[in-house]
Amino acid sequence: MSEHTFPSTGTTRSDPMKSPFLRTAGALLLALAPALAFGDAPVPDKGDTSWMMISTVLVILMTIPGLALFYGGMVRSKNVLSVLMQVFMVFCLVTVLWVVFGYSLAFTTGNAFFGSLDKMFLNGVNAGTLAATFSKGVYIPEYVYVAFQGTFAAITPCLIVGAFAERMKFSAILLFVTFWLVLAYLPIAHMVWFWDGPDAYTDAEAAVVATSHAGYLFALGALDFAGGTVVHINAGIAGLVGCLLVGKRLGYGSSAMAPHNLPLVMIGASLLWVGWFGFNVGSNLEANGLAGQVFVNTILATATATLAWSFAEWLLRGTPTMLGGASGAVAGLVAITPACGWVGPMGALAIGLAAGLLCLWAVSWLKHKLGYDDSLDVFGVHCVGGILGALLTGVFADPKLGGVGFVDWVTMELAPYDMAAQVMIQAKSVALTLVWSGVVSFVLFKLIDITLGLRVSEDSERQGLDTVEHGERAYG
Amino acid sequence: MKLVTAIIKPFKLDDVREALSDIGVQGITVSEVKGFGRQKGHTELYRGAEYVVDFLPKVKIEVMVTDAIVDNVIETITKSARTGKIGDGKIFVVSVEQAVRIRTGETGEEAV
């Protein structure tokens with residue numbers, strides 16, 4: 001599919017009729033563009049609106065308390081409150097920043113990498129403004145879209161803190177998250193998910209114009225239904241850079257650092273799983289048949305990855321562990337995230353199987369081989385699982401393999417699918433995210449280390465962050 | 001007066017307590033402790049990180065007894081705490097200079 005070669009500056013495709021637009025995830029919005037081709041303003045469907053509000057609540061549940069408990073159970077008892085508090089506060093901080101400028105920078109027309117500041121402080125957004133979905137003429141209230149996307153922005157930096165748990169200063173984390181949101185999350189979200197919506201694609205000429213407004217990776221044709229690049233690769237590489245720069249925990253490799261409460265880990269992983277239905281299915285933006293397909297893919301890939309991880313561990317290490325089961329579930333959820341609206345259930349099965357095995361390899365072999373101390377395996381699970389999912393999306397989205405393929409946004413008909421070309425595009429979007437987020441994270445961590453200092457003192461680390469950083473103790 | 005200290009397997013505590021009551025022992029002090037002996041520990045595996053757990057949980061019993069019954073106490077603990085498998089524990093006996101019952105001020109064997 002030669003149409004996939006675009007100018008490097010390229011926010012436009014050379015021939016949108018031949019190289020049809022792709023529906024990418026969580027996409028776009030638009031305050032009822034005046035260009036809408038029909039006369040009456042569309043009225044949001046109450047079913048869609050209800051589902052999107054439920055989805056939003058589910059994604060909140062993933063973070064607080066799901067991710068917090070998942071992480072909190074894995075650290076030593078002297079640090080559990082520090083992790084819970086980091087997740088809780090980062091969630092709140094990002095939520096506020098999202099409304100102040102985040103939504104505007106991610107989801108308004110700007111250039112290929114950033115939106116504009118037109119909707120700072122939600123300027124112009126009101127109960128009557130709408131956000132586009134993936135169907136022509138179907139909209140949801142913009143407020144609901146603001147909240148839904150806000151929960152994605154909030155969970156992503158929360159994922160990062162697991163990589164350098166048990167040793168990073170609380171103040172350093174809050175400072176890092178603030179700038180990382182602006183310089184990494186918002187641009188990647190804009191690049192992958194921002195477009196003018198399907199109603200802008202009225203004919204070939206309009207398609208060229210609409211595409212010129214879209215984010216860089218969206219225009220490139222990258223498929224990321226619910227955030228494999230934006231959320232998981234983005235957070236995973238930031239975590240790796242962070243744990244490398246802050247250094248290993250005292251006693252890493254010589255003294256035991258076993259999780260202090262595995263039942264909390266299991267509860268956290270289960271809440272993540274339940275909440276992920278909001279994350280993945282909600283990314284469809286409509287409650288319809290494709291939403292049902294996303295639902296089945298999400299439950300199937302996760303169950304498969306859990307089985308794969310656990311049986312592999314049983315076979316190779318002698319016992320199937322609860323920590324392994326919970327980790328396998330999260331690995332499956334991560335890997336199916338970019339693919340969930342593009343692949344069929346058998347594609348989801350294959351992705352889940354691959355994710356369980358590859359992530360097990362990454363956390364139990366790769367990590368020890370390379371010797372970095374990623375405390376809670378943010379890189380091994382989220383980045384590795386995210387990369388795998390992003391690449392396999394290109395494979396299993398092929399209608400020949402039971403995938404959905406993609407439609408021409410002008411005619412809304414199925415377009416030809418070139419698997420090799422699509423996998424290349426997926427690889428490009430993975431590489432761009434790795435480099436972008438990796439470089440931004442490196443610079444930010446370095447600057448914070450020079451000014452504020454990244455790490456608590458040795459004495460504080462030995463005593464535990466709960467009492468030193470937060471002045472309280474979790475148990476007894 | 002003797003102080004008998006026994007390190008035993010935790011699940012044997014109830015048997016030992018009952019057996020000691022049966023021979024007239026009036027009170028014991030119990031602590032949950034950890035330690036290592038000839039019984040080997042076990043390994044735990046967390047996402048590929050293997051930890052050898054050397055210290056195993058045990059129960060420590062302390063019994064203050066008069067010289068007259070100390071042999072009986074030792075025999076009773078030995079019998080009731082034994083499983084015949086490695087890790088059954090040990091008994092130590094030391095002489096005690098003085099004992100005082102705080103409530104009444106009684107001393108010596110009266111206080112035991």
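Hi everyone, this is a short tour of a predicted model with a chain A and a chain B.

Let me start with confidence. For the complex, the predictor reports an ipTM of 0.71 and a pTM of 0.87. Chain B has a mean pLDDT of 93, with 100% of its residues at 70 or more.

Now to chain A. What is it built from, in helices and strands? There are 15 helices and two strands in chain A. If you picture a box drawn along the principal axes, the C-alpha atoms of chain A fill roughly 65 × 50 × 40 Å. Its radius of gyration is 21 Å, and that agrees with a compact globule, because 476 residues packed that way would give a value near 23 Å.

How much of chain A is buried? Of its 476 residues, 58% count as buried. The contacts within chain A also reach across the sequence: take the pairs at least 6 residues apart, and 79% of those contacts join residues at least 24 apart.

On to the place where the two chains meet. Chain A brings 13 residues to the contact, and chain B brings six residues. Which helices of chain A should you look at? On the side of chain A that touches chain B, α10 (322-336) and α11 (345-370) each supply at least two residues. The largest share there, four residues, comes from α11(A). As for chemistry, that side of chain A has six nonpolar residues, five polar ones and two charged ones.

So when you turn the model on your screen, find α10 and α11 of chain A, and you will be looking at part of the side that touches chain B. Thanks, everyone!

Technical notes: Residues are numbered from 1 along each chain as its sequence is written. Chains are lettered from A and ligands numbered from 1 in the order in which they are written. This is a predicted model: local features need pLDDT of at least 70, side-chain atom pairs count only at pLDDT 80 or more; totals for chains, interfaces and linings use all residues. Two residues are in contact if their C-beta atoms, placed from the backbone, lie within 7 Å. Ala, Val, Leu, Ile, Met, Phe, Trp, Tyr, Cys and Pro count as nonpolar, Asp, Glu, Lys and Arg as charged, and the others, Gly among them, as polar. The radius of gyration is taken over C-alpha atoms; the globule rule is 2.2 Å times the number of residues to the power 0.38. A residue is buried if 20 or more other C-beta atoms lie within 10 Å of its own, exposed if 12 or fewer, and partly exposed in between; C-beta atoms are placed from the backbone. pLDDT is the predictor's confidence in each residue, from 0 to 100.
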